[in-house]
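Here's a quick tour of one protein chain, written for someone who likes to know the cut-offs behind the words. Have a look at the sequence and the model first, then read on.

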Amino acid sequence: PQTGLSIAFNLQGEDWVWQNYRIRQVRIANGQFNGNALSLSLADLQGLVYQPPDRPAQSYDARLSFSGQMGGGQTGQLRAEAIPVGLIADVLNLPIPMAGSAEGTFTLSGDVLNPDVAGTIAVQNIYLNQREIKDLQIDFSYYNQQFRLQDWTVVE
């Protein structure tokens, strides 16, 4: 006999709200949960609206896509597109004014409590303290709770 919980699902939604953020479109294709692990063929979040408490809403064409498995051991691929650097700076409460757009590809593995991540981040037309950097590319890894820059390239 079969025991435990097992679910297969697809999910679509619009205008999901979490705190000061709204995601315009959410789509999960071929999701499965077997009691221990969550597997996703594709989880896709498109469009972001950020409503800070003291400023007008800001709308972005950002996109996050994930495919893989989480729970116990985890494996997966995450792709980020058109992520606003200024928003990242706001969320992380960085004291340096920043603007620009970032994208990246990340491979996720390891344990949920001790994840391993390797990837590449590319930033275009970034402004740091009113100084323009046309392109910045960073290859990195995060393994065993240590962040390492593998390589980076800057074009001013």
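## Ground rules

Helices (H or I, at least four residues) and strands (E, at least two) are DSSP runs, numbered from the N terminus. D44, for instance, lies in strand β3, which covers residues 38-50.

This is a predicted model, so to speak of local features takes a pLDDT of at least 70 and side-chain atom pairs count only at pLDDT 80 or more, while totals for chains, interfaces and linings use all residues. Residues are numbered from 1 along each chain as its sequence is written, and side-chain values use heavy atoms, with hydrogens and water left out.

## The overall picture

The protein chain has one helix and nine strands. Reading from the N terminus, the order is β-β-β-β-β-α-β-β-β-β. Along the principal axes, the C-alpha atoms fill a box of roughly 65 × 35 × 20 Å.

How much of the chain is buried? Of the 156 residues, 27% are counted that way, where buried means under 20% relative accessible area, exposed means over 50%, and partly exposed is in between (1.4 Å probe, protein chains only). The accessible surface comes to about 10300 Å², with 53% of it belonging to carbon and sulfur atoms; these areas come from the Shrake-Rupley method with a 1.4 Å probe, and for residues only the protein chains shown count as cover.

Now for contacts, meaning heavy atoms within 4.5 Å. Among those in the chain with a separation of 6 or more, 35% are between residues 24 or more positions apart. As for charge, the 9 positive and 15 negative charges have mean positions 3 Å apart. Lys and Arg count as positive and Asp and Glu as negative, without His or the chain ends, and each charge is placed at NZ of Lys, CZ of Arg, CG of Asp or CD of Glu.

## The β1-β2 hairpin

Strand β1 (residues 7-18) is hardly covered: one of its 12 residues is buried. β1 pairs with β2 (residues 21-33) in the antiparallel sense over 10 bridges, and two strands pair if DSSP finds at least two bridges between them. One such bridge links F9 to G31 in β2.

The two strands form a hairpin with two residues between them, and Q19 in the turn has a positive phi of about 50°. Most residues other than glycine have a negative phi. D15 goes against that habit too, with phi near 55°. D15 sits in β1 and is partly exposed, at 42% relative accessibility.

## D44 and its partners

Is D44 buried or exposed? D44 is buried, because its relative accessible area is 4%. Its side chain makes a polar contact of 2.9 Å with that of R63 and another of 2.7 Å with that of S65. A polar contact is a pair of N or O atoms within 3.5 Å; within protein, one must be able to donate a hydrogen and the other to accept it, and residues adjacent in sequence count only if both atoms are side-chain atoms.

Not counting residues up to four places away in sequence, D44 touches Q25, V26, R27, R63, L64 and S65.

## From β4 to β6

β4 (residues 58-70) and β5 (residues 75-84) pair in the antiparallel sense over seven bridges, with G68 opposite G76 in β5. Their hairpin has four residues between the strands, and G71 takes a positive phi near 115° there. β5 also pairs with β6, again antiparallel and over seven bridges; here Q77 has T107 in β6 as its bridge partner.

L108 lies in β6, which runs over residues 98-110. Which residues does L108 touch, not counting those up to four places away in sequence? They are F66, Q74, T75, G76, P115, D116 and V117. L108 and F66 are 42 residues apart along the chain, and their C-alpha atoms are separated by 9.9 Å.

## Toward the C terminus

N144 is in the loop between β8 (131-143) and β9 (146-155). Its phi is positive, near 55°, in a residue other than glycine, and N144 counts as partly exposed because its relative accessibility is 49%.

V155 belongs to β9 and is partly exposed, with a relative accessible area of 40%. Leaving aside neighbours within four places in sequence, V155 is in contact with I133, K134 and D135. The C-alpha atoms of V155 and Q124, 31 residues apart along the chain, are separated by 9.6 Å.
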